[in-house]
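Trainee: Could you take a close look at a single part for me? Then please connect it to the rest, step by step.

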Amino acid sequence: MHNIALFGDALIDLIKDRKSFDFSPVCGGSIFNTAVTLARLSINVDFYSYIGNDFWGNFIIEKMREYKINSENVKRIDDYKTALAFCIINRDGNATYDFYRQNSKVKMDIKNIVNSSLFYYGSIFSILNENRNNVKKMINMAKKNNILIMYDPNIRKKHLNSKKSKKYIYENFKSSDIIKCSIEDLANITNITKIEDGFNFLSQFKPILVIITDGSNGSYAKLRGGNIIKAEAIKIRNIVDTIGAGDNFSAGIIYFLIKKSFLNKEKILTMNENILLNLLYFANKCAGFSLKSKGAFILERDILKFLRIFNSL
């Protein structure tokens, strides 16, 4: 049985009702959303983060136990307030966020990473100054133990407010075996807006697999030395919101790699174009299901559909 290690923010998304000033709390954080979906698909998940020893921290721990996510690597801090994100949904289902976060340098206990088959990290949490030592130690431990490393920058323009931010992103690119990002990420980081230019840019970091998403225009994958493969986007009617669509896309990628036995560099490089197409199709499906419900949470009935789709590939 494979263990997947994930490092990222664990926070509370307070999602505003479109017709009132009522807010609904759900657990959030980009990497945390991926962890939840993987755990609900019966994957062993070890989540690494830190939260406050407060009401909202207790809420997150309760949800982790409910979803069967290993919480022993989540550090509780007495003088730290669990982060909040107020989430406003527009009429197209897209979200804007106001984050309330306390800066705190926390030393993480990362020794359990050695029991993992894949280490997944990303978002602004991985480029915060106070987290860089944690990220570097995790990457070094993963490399030392031949653990596959996957990175998603998932970055907004407003978060690139210093030269260090871009420097840290480039360091993460260089350290990762799999890079998954959106064309919007690349536009924010480098002003790249074309898919081919994105693959050319990311090739300098020598990953074995790059995946670039482009919303309704589809998703793309390229192995080192291979061709660009495209999967068309899946059309979804009656979108509730787009929160966590990219995070669930990542969960689809990781689930596919686990269940199809591609959890090492050598095996990934043997993928043919049909397998890559199936990988993208399955990840697109996972993202699509998350558009049908509030937040990043996929409905239970759709989890069952999701598993049937995988078994048909």
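Mentor: Helix α1 covers residues 30–40 and is mostly covered: eleven of its eleven residues are buried. Buried means under 20% relative accessible area, exposed means over 50%, and partly exposed lies in between (1.4 Å probe, protein chains only). The buried residues of α1 include Ile-31, Phe-32, Val-36 and Leu-38. Polar residues are on the list too, among them Ser-30, Asn-33, Thr-34, Thr-37 and Arg-40. Just after α1, Ser-42 takes a positive phi of about 70°. Helices here are DSSP runs of H or I with at least four residues, strands are runs of E with at least two, and both are numbered from the N terminus.

A word on the basis. This is a predicted model, in which local features need pLDDT of at least 70, side-chain atom pairs count only at pLDDT 80 or more, and totals for chains, interfaces and linings use all residues. Residues are numbered from 1 along each chain as its sequence is written, and side-chain values use heavy atoms, with hydrogens and water left out.

Now the setting. The protein chain holds ten helices and 13 strands. Its radius of gyration is 18 Å, close to the 20 Å of the globule rule for 313 residues, so the chain is as compact as a globular protein of that length. That radius is taken over C-alpha atoms, and the rule is 2.2 Å times the number of residues to the power 0.38. The C-alpha atoms fill a box of roughly 50 × 45 × 40 Å along the principal axes. Of the 313 residues, 57% count as buried. Residues 24 or more positions apart account for 72% of the contacts with a separation of 6 or more. Contact means heavy atoms within 4.5 Å.

Next, the sheet. Nine strands form an open sheet with mixed pairing, in the order β5-β4-β1-β8-β9-β10-β11-β12-β13. Two strands pair if DSSP finds at least two bridges between them. β5 (74–77) and β13 (229–231) stand at the edges with a single partner strand each, so one side of each has no neighbour in the sheet. From one strand to the next, the twist averages 15°. Such angles run from 0 to 180 degrees between N-to-C directions, with axes fitted to C-alpha atoms, for helices over the stretch in contact.

Start with a parallel pair. Strand β1 (residues 3–7) joins strand β8 (residues 118–122) through four bridges. Ala-5 has Phe-119 as its bridge partner in β8.

Move on to β11 and β12. They pair in the antiparallel sense over five bridges. Ile-212 stands opposite Tyr-220 in β12. The two strands form a hairpin with five residues between them, and Gly-215 in the turn has a positive phi of about 55°. Four of the five residues of β12 are buried, so this strand is largely enclosed by the rest of the structure. β12 also pairs with β13, antiparallel, over three bridges. There Tyr-220 stands opposite Lys-230. That hairpin also has five residues between its strands, and Gly-225 takes a positive phi near 80°.

Thr-213 belongs to strand β11. It counts as buried at 16% relative accessibility. Beyond its neighbours within four places in sequence, Thr-213 contacts residues including Lys-180, Cys-181, Ser-182 and Phe-249.

Two helices lie across the sheet. Helix α7 (residues 245–259) crosses β1, β8, β9, β10, β11 (209–213) and β12 (219–223), at about 155° to β10. Helix α4 (residues 163–175) lies across β8, β9 (148–152) and β10 (178–182), at about 145° to β9.

Finally, the aromatics. Rings of Phe, Tyr and Trp (its six-membered ring) pair if their centres lie within 6.5 Å; planes under 30 degrees apart count as stacked, over 60 as edge-to-face and the rest as tilted. The count comes to 22 aromatic pairs. In one of them, Tyr-170 and Phe-201 have ring centres 5.7 Å apart and planes at 65°, so the pair is edge-to-face. It links distant parts of the chain: Tyr-170 sits in α4 and Phe-201 in helix α6 (residues 195–203), 31 residues apart. Tyr-170 is partly exposed at 29%, whereas Phe-201 is buried at 13%. Ring pairs link both into a cluster with Phe-119, Tyr-121, Tyr-151, Phe-173 and Phe-205. Phe-119 thus appears twice: in this cluster, and as the bridge partner of Ala-5.
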